[in-house]
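Here are my notes on the model you sent round. They are set out as numbered points, from the whole chain down to single residues.

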Amino acid sequence: MARRRRGGGGGGGDSRKPTPSEQQSQPQTGKKAQQKREKEKAKEKEKEKDNEKEKKSQDFNDASNLKKLKREKKNWSCIDSCCWFIGSICSIWWFLLFLYNAMPASFPEYVTTAITGKIPDPPGVKLQKEGLKAKHPVVFVPGIVTGGLELWEGHPCMDGLFRKRLWGGTFGELYKRPLCWVEHMSLDNETGLDPPGIRIRPVSGLVAADYFAAGYFVWAVLIANLASIGYEEKNMYMAAYDWRLSFQNTEVRDQTLSRMKSNIELMVATSGEKVVVIPHSMGTLYFLHFMKWAEAPPPLGGGGGGDWCAKHIKVVMNIGGPLLGLPKIVAGLFSAEAKDIAVARAVAPGVLDKDIFGFQTLQHAMRMTRTWDSTMSLIPKGGDTIWGTLDWAPEHGHDCSTMKVKPNDTLPPKDQNKKGNFHASKVNYGRIISFGKEFAALHSSKIDRVDFKDAKKGYNFGNTTCRDAWNEYHDMGIPGVEAILDYKVYTVESVLDLLQFVAPRMMKRGSAHYSYGIADNLDDQKYQHYKYWSNPLETRLPDAPEMEIFAMYGVGLATERAYIYKFTPGADQCYIPFQIDTSADGGIEESCLKSGVFSVDGDETVPSLSAGFMCAKGWRGKTRFNPSGIQTYVREYDHAPPATLLEGRGTQSGAHVDIMGNFALIEDIIRVAAGANGKDLGGDRVYSDIFKWSERIKLQL
């Protein structure tokens, strides 16, 4: 039986005493463990030190980076911001363009249909379904500024731009080299032709004026709709010309009138049908000049004979034609501005006087445009008989609330005609320029005027630094400016004297090419001169009784008619001393006076009176201006803005250029081109008071 161990128990531990060798090894093992722990602690301390060093190094780097970023931020310039902004816009544009090209062709139409409902067929598609086909050749005659111009010869600052567009397209050269661009776009101030060493020529073909700039159509929509019924380049012709030149000088320099005559003759010979001519804007005056030129004997004319128009022209469809001129051009020639420019100047003072290009913008614009003799064809014609006197005008009583302006519902009815507001009965449209709001309203008997025509001008500043922005005001000096102010109010007839006083060199060239009166006796031999051919009141229509003439234009839009000016002394000798007074306002929302401009009914550019009078009265029936009784029609298009952004510039627009995309106008043109006449279209279609205004004009017919 085993001997029971002392102190043993049922679950006790080992009570055996350690051997001597074990007792000797225990202190050594404890010492090693302690040493191991000390080593681990030392390593941990080293790691902590390394981490602290790394952290300090990181903090130092972060601080350095922060300082670097601050320095970079301080060095960030406007150029960097502009580049970043342009880059962002371009990236977004290309991304959207990629998405547009990647999506199915039917997707945009699906989205538009979902938002606005089913889209009506364009006029060309609609009429093609009705069975209409191309019949009469079509001739397009563009207006001022809408045709492209390209470089054929220039100074070294234009190197590398041979046959590149300087007008129309992107206008990139204007931003890169503004002064060089102005120099090349200007004509010779004495001859009205090319300056030495410069040749700018019109772009040819339909592309000359289909788009003014990328995405901004002029003739493109009409061309596309005509193509739907079978038209192509062989029976469509764009009569492009250098719209800067006087009408007769387009023949002298480029033989443009001869080219137009030859092309029309070719189209008639190959098709067996007379042409349908569609001029737009100033093109209506240019084609009026052409018809006289084509029949007149050489050397001034084309020698076609008195029956040339009767043999070759079916109809002339004038779109937005300023046949009696533009009040807007008076402001442009007088102070290089119109309503939009004047308002922009008021919103951002100094921007247009010395802008991002670093030079006097309006002064250079004035110098350039005053060399464009074509602008003088747009000076109002017919004098005070047509446009009104100091106390009378044919549009007197016009209600400006009928134009596309939101009425002011906040004013009680009794305030709508309160004294001091320019409502319908207070507007003196005959005063095309008034110096001061008070003189625009006073009766003429209460205005004391001093004639300026014989006033002595002041000092000649010809040798100053203003010569590069020459605008002819420097020849006048303070005495000349004061003489203009003392006359106070100007009608159309006195405006001619005013322009002669402030811009004698310009008017000297202009008077050689244009006339603005009313003929007393059209049998007088002097009216055989080409200077009278673009004035419908000083020339006869051709002997073509089967021909038709349409006046087609937009209405319902506020259109510039008269101006309130102020004197603005400048800090240097290069300033333009007169500006539209944008602080002059009618005081009520539906007033005819806004920002220094009196408005009347029209297409925002051409007043209805100018566009419609000749077809409403001057040429209506057999008159001395229309001896063969050519049938005339007035077709007005009441403006309606786009219903949504998806509609673009609108299919019912009456605005001066946007009307070229008006579906109703395009349909009228296509029907006539396919063989219809004015009676087939329903005759006159009028929304304005053009017939009432025309009857008020006492013109010998």
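**Notes on the predicted model**

1. The protein exposes about 34,400 Å², and carbon and sulfur atoms supply 55% of that area. The model is a predicted one, and the points below should be read with that in mind. Of the 701 residues, 49% count as buried.

2. The protein has 23 helices and 17 strands. Among contacts between residues at least 6 apart in sequence, 75% join residues at least 24 apart.

3. Strand E1 (residues 138–141) has cover on both faces. Val138 and Phe140 lie on one side, Val139 and Val141 lie on the other, and all of these residues are buried. In a regular strand the side chains alternate between the two faces of the sheet.

4. Which strands pair with E1? One is E8 (residues 275–279), which runs parallel to E1 and is joined to it by four bridges. In that pairing Val139 stands opposite Val277 of E8. Another is E7 (residues 236–238), also paired in the parallel sense, over three bridges. Here Phe140 of E1 stands opposite Met238 of E7.

5. Helix H8 (residues 247–254) is largely enclosed by the rest of the structure, because seven of its eight residues are buried. The buried residues are Phe247, Gln248, Asn249, Thr250, Glu251, Arg253 and Asp254. A reader looking for Glu251, Arg253 or Asp254 on the surface should note that each is on this buried list.

6. What covers the buried residues of H8? The cover includes strand E4 (199–202) together with the helices H9 (256–271), H10 (283–295) and H19 (504–513). After H8 comes Gln255, which has a positive phi near 55°.

7. The peptide bond from Pro298 to Pro299 is cis, with omega near 5°. Pro299 sits in the loop between H10 and helix H11 (308–312). H10 is also among the elements that cover the buried residues of H8.

8. Ala336 is not a glycine, yet its phi is positive, at about 60°. This residue belongs to the loop between helix H12 (327–335) and helix H13 (339–347). Is Ala336 buried or exposed? Its relative accessible area is 11%, so Ala336 is buried, the cut-off being under 20%.

9. Lys488 is another residue other than glycine with a positive phi, in this case near 75°. Lys488 is placed in the loop between helix H17 (477–487) and strand E11 (489–490). With a relative accessibility of 17%, Lys488 counts as buried, again by the cut-off of under 20%.

10. Ser610 is part of helix H20 (residues 608–618). Because its relative accessibility is 0%, Ser610 counts as buried. Which residues does Ser610 contact, leaving aside its neighbours within four places in sequence? They are Gly321, Pro322, Leu323, Leu324, Gly325 and Trp387.

11. For a look at the model on screen, three places are suggested. One is E1 with its parallel partners E8 and E7. Another is H8 with the elements that cover its buried residues, including E4 and H19. The last is Ser610 with its contacts, among them Pro322 and Trp387. The backbone points to check alongside these are the cis bond from Pro298 to Pro299 and the positive phi values of Gln255, Ala336 and Lys488.

Notes: Residues are numbered from 1 along each chain as its sequence is written. This is a predicted model: local features need pLDDT of at least 70, side-chain atom pairs count only at pLDDT 80 or more; totals for chains, interfaces and linings use all residues. Side-chain values use heavy atoms; hydrogens and water are left out. Buried means under 20% relative accessible area, exposed over 50%, partly exposed in between (1.4 Å probe, protein chains only). Helices (H or I, at least four residues) and strands (E, at least two) are DSSP runs, numbered from the N terminus. Two strands pair if DSSP finds at least two bridges between them. Contact means heavy atoms within 4.5 Å. Accessible areas come from the Shrake-Rupley method with a 1.4 Å probe; for residues, only the protein chains shown count as cover.
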